[in-house]
Amino acid sequence: MTISLKTQKILWGKAAGRCAFPDCRRQLVEDISETDDPTLVGENCHIVAENDGGPRSAPNMDKSSRQKCANLILLCNIHHKIIDDNELVWTVNRLRELKLEHEKWVECSLNVDKDKIRDDTLYADYADEWVRLAHIDKWMIWTSWVLSSGQPSISVVVDDDLRALRRWLLGRVWPNRYPSLEKAFFNFGRVLNDFQEVLHKHLKLQKSQNQLFTEKFYKIPDWDPARYQKLADEYDFHVDLVSDLVLELTRAANFICDEVRRAIFPGFRIKEGNLIVQRGPDLEMRFTEFVPVYSNIERSSSQIYAGLVQFYEDRGRRDWYIGTGKPA
């Protein structure tokens, strides 16, 4: 398990982004220059060890509880190493006391914006749920089935979660603190709606695999070359459009990740990096991997994804695309 973004925001908010070690209280996000992004020098440190055998290990403690805010203390990287190298001195009880004393100091000594902390925590909670329902941690796996050459498919589990995500996004109450972040979520929702609706036009359940496959509707029982060719062209257009929509959905997802990092937490999914998609195999049995992202000009548009009709024109101008044009 990993530490949720919401938990990290609560931890960093209560600590005011400062090291909790006595006489340190260093700011743990540093602006290196006017042009560079902020650099994180803080670490989410486990009071009881994250893994059995680590410093201050407690094998009987539930693993999910080890990732909760109550078991975390915010420290700079130097003092994180000091406490882990001296666990007989820095015991579980002493670290809990240290955390409590630091949070009391923050509340009494600093002018903390509690409204901002509340809003940031809500945004973080939304981001965590989006990561779960969109299967962000398995993005390349599930999108590769959609992008597979010739016959897009998707698992029933992912498809159901994406439909739930559409409803969930529609019902969110937004704090209106970070317009660009909210714009990224709204944009993702618009793309997701069209992607799933287009994909479902020709999906058929393959019960043995619990997988939905695009039906090859050009296969007709009668000898009718003209009709067969017309349906084959329609099928190819559909497959290309589904592929371009999943590329657009990846751009929209990468946009959300960038805005979460910019607005509420610079370390969000830094280790994982940008979302990657894979397409193939081609005629030479090769797979291609790439990272679809919006350009700065596209991100500055009032409505990045403006609906399916406009996307027929826009997709050929994106960084990566499979097909062009609109239905015949």
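This report covers the overall build of one chain, one strand pair and two loop residues.

The model is predicted; local features need pLDDT of at least 70, side-chain atom pairs count only at pLDDT 80 or more, and totals for chains, interfaces and linings use all residues. Residues are numbered from 1 along each chain as its sequence is written, and side-chain values use heavy atoms, leaving out hydrogens and water.

The chain has 10 helices and 9 strands. These are DSSP runs numbered from the N terminus: helices are H or I with at least four residues, strands are E with at least two. The C-alpha trace spans about 85 × 45 × 35 Å along its principal axes. Of the 328 residues, 45% are buried. Buried means under 20% relative accessible area, exposed over 50%, and partly exposed in between, with a 1.4 Å probe and protein chains only. Take contacts (heavy atoms within 4.5 Å) between residues at least 6 apart in sequence: 69% join residues at least 24 apart.

Strand E3 covers residues 42-46; 4 of its 5 residues are buried, so the rest of the structure largely encloses E3. E3 pairs with strand E4 (residues 72-76) in the antiparallel sense, over 5 bridges. Pairing requires at least two DSSP bridges between two strands. Glu43 stands opposite Leu75 in E4.

Two residues that are not glycine have positive phi.

| Residue | Phi | Loop | Relative accessibility |
|---|---|---|---|
| Asp23 | near 65 degrees | between helix H1 (5-14) and strand E1 (29-30) | 82%, exposed |
| Arg56 | about 60 degrees | between E3 and E4 | 7%, buried |

Asp23 counts as exposed, whereas Arg56 is buried.
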